[in-house]
Amino acid sequence: MTSGYQLNEGNGNEHTISTATVTAPTTNIDSISNSIGCGSSSDIAEHVRKFLFTSQYTSPIETETLAAELDKLEIKIPELLQSGYSFYTWPCAPILAWFLWERRHNLVGKSILELGAGTALPGILAAKCGARVILSDNCILPKSLAHIRKSCLANNLVPGKDIEVVGLSWGLLLNSVFNLGPFDLIIGADCFYDPSVFEDILVTISFLLERNTKAKFLCTYQERSADWSIEALLKKWRLRAVPIIIDNVGKGCGIDIVDLMNGHTIHLIEITREP
């Protein structure tokens, strides 16, 4: 991996998908927002974005007759427009969510940690598929953590009961980090958005993978600059990254991966500890 923290997609043959999304105004989410102190739609424009995950593609004519037979899941994500990173679902998240959805039978009973969860689409999907999930974001950003709880409640997941939400700052090995785990899988969507946090992320990943030797870190990332690289940092922290090909993501449901990327170049990598 030499530039743009991009790996040549030369090995692996994994594929993933995401359905069409629909946005719609909401009123009941406002009451949730006020109750957890995350602001209201009167402060910042807010809407709920709906993500529909299905097991196969059907034409509009077939949809009605086959609806009862389809394996599908709808996830509602409240978003605050014109706000910070944590309150909007970036293109990396649906791609990772679809990757997990296609492997949902393997998620049942697994313990999963999502780093930098933001609106938490992948983690919420994993929880709805039967995984034990901990969603994390920066511990010094209480509004971000509150918004994660809001996303959980919008999908009938009660924080502290059905799913966990914790503060975790990359690069800081606080007592709370030592109490996390064990994990089968760590996930992240678009964590590598700024070179200033690259090492902090990999320090955290290295520590977590050292304590969870059979776990791996699945991460989607958006290619933003040819000058950005994590190759040296991977070597420094004894980590190995392998690309996962996502060219056929969504094909089984009639979805084009290019549409999911929304004009960006997005990759999926698996990071593990060096033996």
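A disulfide is a pair of cysteine sulfur atoms within 2.5 Å. Keep that cut-off in mind. We'll need it in a moment. One caution before we go on: this is a predicted model.

So, how many disulfides does the structure hold? Zero. Let's look at two cysteines. Start with Cys 92. The nearest cysteine sulfur belongs to Cys 219, and it is 7.3 Å away. The cut-off is 2.5 Å, so Cys 92 is in no disulfide. Is Cys 92 buried or exposed? Buried, with a relative accessible area of 1%.

Now Cys 219. Its nearest cysteine sulfur is that of Cys 191, at 5.1 Å. Cys 219 is in no disulfide either. Cys 219 is also buried, and its relative accessible area is 0%.

Next, Asp 190. Where is it? Asp 190 lies in the loop between β7, residues 185-189, and α7. Its relative accessibility is 8%. Buried means under 20%, so Asp 190 counts as buried. What does Asp 190 touch, leaving out residues up to four places away in sequence? The answer is Trp 90, Cys 92, Thr 220, Tyr 221, Gln 222 and Arg 224. Notice Cys 92 in that list. We met it a minute ago. Arg 224 deserves a second look too. The side chains of Asp 190 and Arg 224 are joined by a polar contact of 2.8 Å.

On to the cores. In soluble globular proteins, nonpolar side chains tend to be buried together. Here, the largest nonpolar core has 47 residues. Which residues have the most contacts inside it? Phe 53, Leu 125 and Leu 135. Helix α3, residues 92-102, gives the largest share of this core, with nine residues. Apart from that core lies another one, of 30 residues. Among its members are Val 177, Phe 198, Ile 205 and Phe 207.

Let's zoom in on Leu 125. Set aside its neighbours within four places in sequence. Leu 125 is then in contact with Phe 53, Leu 73, Ile 75, Ala 97, Leu 100 and Trp 101.

Now the rings. A search of the whole structure finds eight aromatic pairs. I'll show you two. Phe 178 and Phe 207 form an edge-to-face pair. Their centres are 5.0 Å apart, and the angle between the planes is 70°. This pair links distant parts of the chain. Phe 178 is in helix α6, residues 175-178, and Phe 207 is in helix α7, residues 198-211. That puts them 29 residues apart. Phe 178 is partly exposed, at 37% relative accessible area. Phe 207 counts as buried, at 11%.

The second pair is Phe 198 with Trp 228. It is edge-to-face as well: 6.0 Å centre to centre, 80° between the planes. Phe 198 sits in helix α7, while Trp 228 sits in the loop between β8 and α8. They are 30 residues apart. Phe 198 counts as buried, with 3% relative accessibility.

There is a cluster too. Phe 53, Trp 98 and Trp 101 form one aromatic cluster. You've heard two of those names already: Phe 53 and Trp 101 are both in contact with Leu 125.

Last stop: charges over rings. The charged end of Arg 104 sits over the ring of Trp 101, 4.0 Å from its centre. Arg 103 lies over the face of Phe 99, at 3.8 Å from the ring centre.

That's my tour. Thanks for listening.

Conventions
Residues are numbered from 1 along each chain as its sequence is written. Side-chain values use heavy atoms; hydrogens and water are left out. A nonpolar core is a set of buried Ala, Val, Leu, Ile, Met, Phe, Trp, Tyr and Cys residues joined through side-chain atoms within 4.5 Å. Buried means under 20% relative accessible area, exposed over 50%, partly exposed in between (1.4 Å probe, protein chains only). Helices (H or I, at least four residues) and strands (E, at least two) are DSSP runs, numbered from the N terminus. Contact means heavy atoms within 4.5 Å. Rings of Phe, Tyr and Trp (its six-membered ring) pair if their centres lie within 6.5 Å; planes under 30 degrees apart count as stacked, over 60 as edge-to-face and the rest as tilted. A charge sits over a ring if NZ of Lys or CZ of Arg is within 6 Å of the ring centre and within 35 degrees of the ring normal. A polar contact is a pair of N or O atoms within 3.5 Å; within protein, one must be able to donate a hydrogen and the other to accept it, and residues adjacent in sequence count only if both atoms are side-chain atoms.
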